[in-house]
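This report describes side-chain contacts and packing in a single model. The sequence and structure are shown first, and the description follows.

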Amino acid sequence: MRALVVADEVDERLWAGLGPGCDVDLVLAAGDLPFDYLEFLTDALGGKPCVFVPGNHDPDLSGFTRHGGLFMRAGFPQAWPGPAGGINADGRVVDVCGLRIAGLGGSVRYNEGPNQWTQAQQARRARRLVRIAARRHRRDGRRVDVLLTHAPPRGVGDREDPAHRGFDCLHPTVDRMRPDWLLHGHIHPYGEHPREHRMGATRVRNVVGKHVLEFTPHEVRT
């Protein structure tokens with residue numbers, strides 16, 4: 001199973017066209033990309049699903065529900081600002097194309113913008129996500145294949161400036177979920193090739209830009 005994984009930086013070559021190297025089953029987006037860019041990618045791939053989490057430069061997508069084809073917020077119909085057809089995995093566990101994906105968007109709070117969290121706030125969100133994943137695992141025996149985040153774990157490919165520090169809570173989250181992959185954005189490599197990290201058996205990859213990755217979904221994992 002192959003996925004086009006993107007974050008933070010628009011790849012102008014993709015605007016020009018998707019070649020044979022982009023024969024993929026879905027799009028995974030780790031935040032801070034124009035939503036019309038994500039819509040273009042899914043359209044160019046023939047309507048393949050797009051699973052994303054919001055970054056700290058994305059609009060606030062919290063509080064939206066969907067009823068009868070309409071998006072609602074605070075009890076009133078409201079246009080959803082997210083990408084058309086996109087699956088927002090922030091704080092959720094979703095099954096798409098045989099993969100179980102858990103999402104945790106946003107960055108460490110450094111100003112008053114949207115999708116920013118203190119360490120304590122993100123830790124509460126992460127504990128809730130772990131509980132959701134555990135309930136799903138008890139129900140069907142499947143664990144999370146991919147943990148999709150915007151920011152990295154603290155000390156694992158992050159930076160020391162306030163805006164780009166990672167989240168401490170991702171360490172216990174990975175310990176509990178044991179995903180095959182943690183994919184994140186937020187940390188711009190500026191022309192360098194960031195190395196892949198390991199957290200136990202979990203591979204941690206900075207996916208800023210464009211990557212094509214292959215995954216092996218697990219039907220049942222103990």
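## Basis and helix α2

Helices and strands are taken here as DSSP runs, of at least four residues (H or I) for a helix and at least two (E) for a strand, and they are numbered from the N terminus. The model is a predicted one. With elements so named, α2 is followed by Gly46, a residue whose phi is positive, near 80°.

Helix α2 spans residues 35-44, and within it Phe35, Tyr37, Leu38, Leu41 and Thr42 are buried. These residues lie on the same side of α2, because the arc that they cover around the axis is only 155°. In general, an α-helix has 3.6 residues a turn, so residues three or four places apart point the same way. The packing partners of the buried residues of α2 are two strands that come early in the numbering, β1 (2-7) and β2 (26-29), together with α1 (12-16) and β3 (50-52).

## Nonpolar cores

In soluble globular proteins, nonpolar side chains tend to be buried together. In this model the largest nonpolar core has 22 residues, and the members that touch the most others are Val93, Ala102, Leu129, Leu147, Phe167 and Met177. At least two residues of this core come from each of β9, α3 and α4 (170-177). Helix α3 makes the largest contribution, with 6 residues.

The surroundings of Ala102 illustrate this packing. Leaving aside residues up to four places away in sequence, Ala102 touches Arg92, Val93, Leu129, Val144, Val146, Leu147, Leu148 and Met177. A second core, separate from this one, has 20 residues, among them Ala30, Val96, Leu99 and Trp181.

## Aromatic pairs

The structure contains 2 aromatic pairs. One of them joins Trp181 and Phe215 in an edge-to-face arrangement, with 5.7 Å between the centres and 75° between the planes. The angle accounts for the label, because planes over 60 degrees apart count as edge-to-face.

This pair links distant parts of the chain: Trp181 belongs to strand β13 (residues 181-184), while Phe215 is in the segment after β16 (209-214), and 34 residues separate them. Trp181 and Phe215 are both buried. Trp181 is also a member of the second nonpolar core.

## Arg125 and its partners

Which side chain meets Arg125 in a salt bridge? The partner is Asp90, and the N to O distance is 2.8 Å. Asp90 is placed in the loop between β7 (87-88) and β8 (93-96), whereas Arg125 is part of helix α3 (residues 119-140); the two are 35 residues apart, and the pair links distant parts of the chain. Both partners, Asp90 and Arg125, are buried.

Arg125 has a further contact, with an aromatic ring. Its charged end sits over the ring of Trp117, at 4.2 Å from the ring centre.

## Other salt bridges

A search of the whole structure gives 12 salt bridges. One of them involves the side chains of Asp140 and Arg100, with an N to O distance of 2.6 Å. Asp140 is in helix α3 and Arg100 in strand β9 (residues 99-104), so this bridge ties together parts that are 40 residues apart in sequence. Asp140 counts as partly exposed because its relative accessibility is 33%, whereas Arg100 counts as buried at 2%. Both residues belong to a network of salt bridges that also includes Asp95 and Arg136.

A salt bridge is also formed by Arg154 and Asp158, whose closest N and O atoms are 2.9 Å apart. How do the two partners compare in class, given the 20% limit below which a residue is buried? Arg154, at 23% relative accessibility, counts as partly exposed, and Asp158, at 12%, counts as buried.

## Distances from helix α3

Two C-alpha separations place residues of helix α3 relative to other parts of the chain. Asp140 and Gly105 are 35 residues apart along the chain, and their C-alpha atoms are separated by 25 Å. Arg127 also lies in helix α3, and Arg127 is partly exposed, with a relative accessible area of 48%. From Arg127 to Gly86 the C-alpha distance is 24 Å, and these residues are 41 apart in sequence.

How values were computed:
Residues are numbered from 1 along each chain as its sequence is written. This is a predicted model: local features need pLDDT of at least 70, side-chain atom pairs count only at pLDDT 80 or more; totals for chains, interfaces and linings use all residues. Side-chain values use heavy atoms; hydrogens and water are left out. Rings of Phe, Tyr and Trp (its six-membered ring) pair if their centres lie within 6.5 Å; planes under 30 degrees apart count as stacked, over 60 as edge-to-face and the rest as tilted. Buried means under 20% relative accessible area, exposed over 50%, partly exposed in between (1.4 Å probe, protein chains only). A charge sits over a ring if NZ of Lys or CZ of Arg is within 6 Å of the ring centre and within 35 degrees of the ring normal. A salt bridge is a side-chain nitrogen of Lys or Arg within 4 Å of a carboxyl oxygen of Asp or Glu. The arc is that of the directions from the helix axis to the C-beta atoms. Contact means heavy atoms within 4.5 Å. A nonpolar core is a set of buried Ala, Val, Leu, Ile, Met, Phe, Trp, Tyr and Cys residues joined through side-chain atoms within 4.5 Å.
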